[in-house]
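Visitor: I should like to take a close look at a single part of this protein. Would you please guide me through one sheet, strand by strand, and then place that sheet among its surroundings?

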Amino acid sequence: MHDLVVVGAGPYGLSIAAHAAAAGLDLRVFGRPMASWRDHMPEGMFLKSEPWASDLSDPSGGRTLADFCAPRGLRAEHAHPLPLSTFTDYGLWFAKEIGPRVEDCPVSAVTPLPGAGFRVTTGSGEVVYTRTVALAVGVMPFVRIPEPLRDLPADRVTHSSHHRALDRFRDRDVTVIGAGQAALETAALLAENGARARLVARAPALRWNTLPQPLARPRAAALRCPHSGLGTGWSTWVYAEVPWAVRRLPGRRRARIFESALGPAGAWWLRERFEGVVPVSLDRRVARAVPDGEEGLRLELADARGQVRETVRTGHVIAATGFLPDLWRLEILDPAVRDRLRTVPGTRAPELDGGMESSHPGLFFAGLLSAPAYGPAMRFVYGAGFTAGRLIRGVRRRLTAVGRRAVPVPGQAAAGAPGGPSGTPLPAPSAEREGERERGSRVAERTE
């Protein structure tokens with residue numbers, strides 16, 4: 001039986017795997033490395049975050065984005081946007097460097113074992129037994145599409161994450177819904193690929209980030225408006241640098257922070273590519289959408305009071321409306337576990353303890369699903385460093401609780417998994433293994 005199975009191989013899953021390996025844990029890592037970035041973001045995009053705030057987390061402090069870029073002659077500097085393709089290549093390099101092999105195979109089911117532990121079934125049919133599981137499944141299960149658009153054909157309505165190439169829309173009329181970076185950059189890329197793009201946004205005005213302030217500033221300026229991995233300002237600094245403090249707030253307040261903090265805004269470097277190029281309808285939301293002809297749609301756009309103000313005919317709608325963490329969309333998790341998990345009040349996201357562990361012992365969450373518990377940093381790559389160190393300490397605490405007693409594994413021998421015959425308890429970890437864990441934990445604790 002393994003100590004840990006990591007489900008997901010994006011920035012969070014890979015960072016957790018790196019820390020787990022350093023802690024001497026016996027682990028397996030499943031998932032397509034950097035899948036969301038490789039398969040679900042249009043070509044030509046750039047990172048919105050600063051390069052120094054986009055590192056995956058290596059407990060040794062190495063394998064940074066700058067470490068990857070420097071020998072390849074690539075630029076990873078403050079206030080210089082980095083191509084998304086470079087970040088993706090960095091993640092793939094990191095996956096090869098961290099030690100444990102990342103198995104490019106999906107997980108189809110995570111099921112609890114009687115007493116403690118889990119049975120993890122992969123897409124290939126392999127059955128893996130583990131004492132703990134870390135779900136770092138990314139954002140793709142949680143695509144959010146406005147209700148009036150949900151039941152329309154997929155050839156007329158898609159989400160911004162459904163497109164790798166946008167040149168298929170050349171010479172077509174496309175309406176993008178949203179006001180954040182994904183919406184603004186998708187609309188700009190559509191226009192640059194020859195589409196007739198427009199943007200519809202509920203916001204009364206578009207927000208644009210300003211050119212980042214220099215990292216080296218007078219002390220007074222730095223104190224008034226400190227830098228953080230998510231931007232400048234004291235509230236942003238708290239969200240970015242001390243997520244543990246956010247977790248101690250009342251649940252409903254954390255839910256409000258998740259919904260409102262670091263709201264939709266465009267990157268400073270995108271503005272000149274967008275303004276004057278893409279027509280915009282502000283203070284508008286889709287009240288009704290119906291097929292129009294053989295390929296198009298007719299959209300009725302209403303104001304904030306629900307009054308229909310205009311009708312738009314378009315060939316395709318791309319909803320760049322983000323992602324909503326929702327346990328009930330996590331189909332790989334056994335419903336008997338999923339439906340009983342304690343959630344953050346006002347959300348469908350799991351409540352987590354100080355080690356990122358859910359109310360089901362041994363089940364840990366990372367990334368978007370942890371954002372209502374720990375704050376908006378968990379929506380960004382920057383949160384991976386905090387998560388990895390803390391989660392592995394939580395895993396080690398759980399292993400201390402379950403690893404010193406036998407864990408029965410029904411049908412283990414028949415499934416071909418390691419261990420004794422069916423129903424035979426596996427022995428607790430050896431003293432040597434415990435020593436490796438302790439040494440690895442000290443490394444992780446020094447780097448958080």
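Guide: The account below begins with the sheet and then turns to the nonpolar cores and the aromatic side chains. Please keep in mind that this is a predicted model.

The sheet is open and has five strands, in the order 7-16-8-9-12, with parallel pairing. Its edges are strand 7, residues 157-159, and strand 12, residues 280-281, each of which pairs on one side only.

Let us start from the edge at strand 7. Three bridges connect strand 7 with strand 16, residues 316-319, and the two run parallel. Within this pairing, V157 has V317 of strand 16 as its bridge partner. Strand 16 is also joined to strand 8 by four bridges, again in parallel. Here V317 appears once more, as the bridge partner of T175. V317 therefore has a bridge partner in V157 and another in T175.

Strand 8 deserves particular attention. It spans residues 173-177, and five of its five residues are buried. In a regular strand, side chains alternate between the two faces of the sheet. On one side of strand 8 are D173, T175 and I177, on the other V174 and V176, and all of them are buried, so that both faces are covered.

Next in the order comes strand 9, residues 196-200, which pairs with strand 8 in the parallel sense over five bridges. T175 stands opposite R198 of strand 9. Between these two strands the chain passes through helix 5, residues 181-192, and the resulting β-α-β crossover is right-handed.

We may now ask how the nonpolar side chains are grouped. In soluble globular proteins, nonpolar side chains tend to be buried together. The largest nonpolar core of this model has 102 residues, and L4, I16 and F365 have the most contacts inside it. Helix 13, residues 383-402, supplies the largest share of this core, namely seven residues. Setting aside neighbours within four places in sequence, F365 is in contact with several residues, including L135, L327, M356 and L391. Apart from the largest core lies another, of 15 residues, and among them are I145, V157, V312 and V317. Two names in this core are familiar from the sheet, since V157 and V317 are the bridge partners that link strand 7 to strand 16.

Finally, let us consider the aromatic rings. The whole structure contains 10 aromatic pairs. In one of them, the ring centres of F68 and Y90 are 6.0 Å apart and the planes stand at 50°, so the pair is tilted. F68 belongs to helix 3, residues 65-69, and Y90 to helix 4, residues 84-97; the pair therefore ties together parts that are 22 residues apart in sequence. F68 forms a further tilted pair with W93, with 5.5 Å from centre to centre and 50° between the planes. As W93 also lies in helix 4, this pair ties together parts that are 25 residues apart in sequence. F68 has a relative accessibility of 4% and so counts as buried; Y90 is buried too. These rings belong to one aromatic cluster, formed by W37, F68, F87, Y90, W93 and F94. Elsewhere, the ring of W328 has the charged end of R348 over it, 4.9 Å from the ring centre.

Notes: Residues are numbered from 1 along each chain as its sequence is written. This is a predicted model: local features need pLDDT of at least 70, side-chain atom pairs count only at pLDDT 80 or more; totals for chains, interfaces and linings use all residues. Side-chain values use heavy atoms; hydrogens and water are left out. Two strands pair if DSSP finds at least two bridges between them. Rings of Phe, Tyr and Trp (its six-membered ring) pair if their centres lie within 6.5 Å; planes under 30 degrees apart count as stacked, over 60 as edge-to-face and the rest as tilted. Buried means under 20% relative accessible area, exposed over 50%, partly exposed in between (1.4 Å probe, protein chains only). A charge sits over a ring if NZ of Lys or CZ of Arg is within 6 Å of the ring centre and within 35 degrees of the ring normal. A crossover is right-handed if, with the strands pointing away from the viewer, the path from the first strand over the helix to the second runs clockwise. A nonpolar core is a set of buried Ala, Val, Leu, Ile, Met, Phe, Trp, Tyr and Cys residues joined through side-chain atoms within 4.5 Å. Contact means heavy atoms within 4.5 Å.
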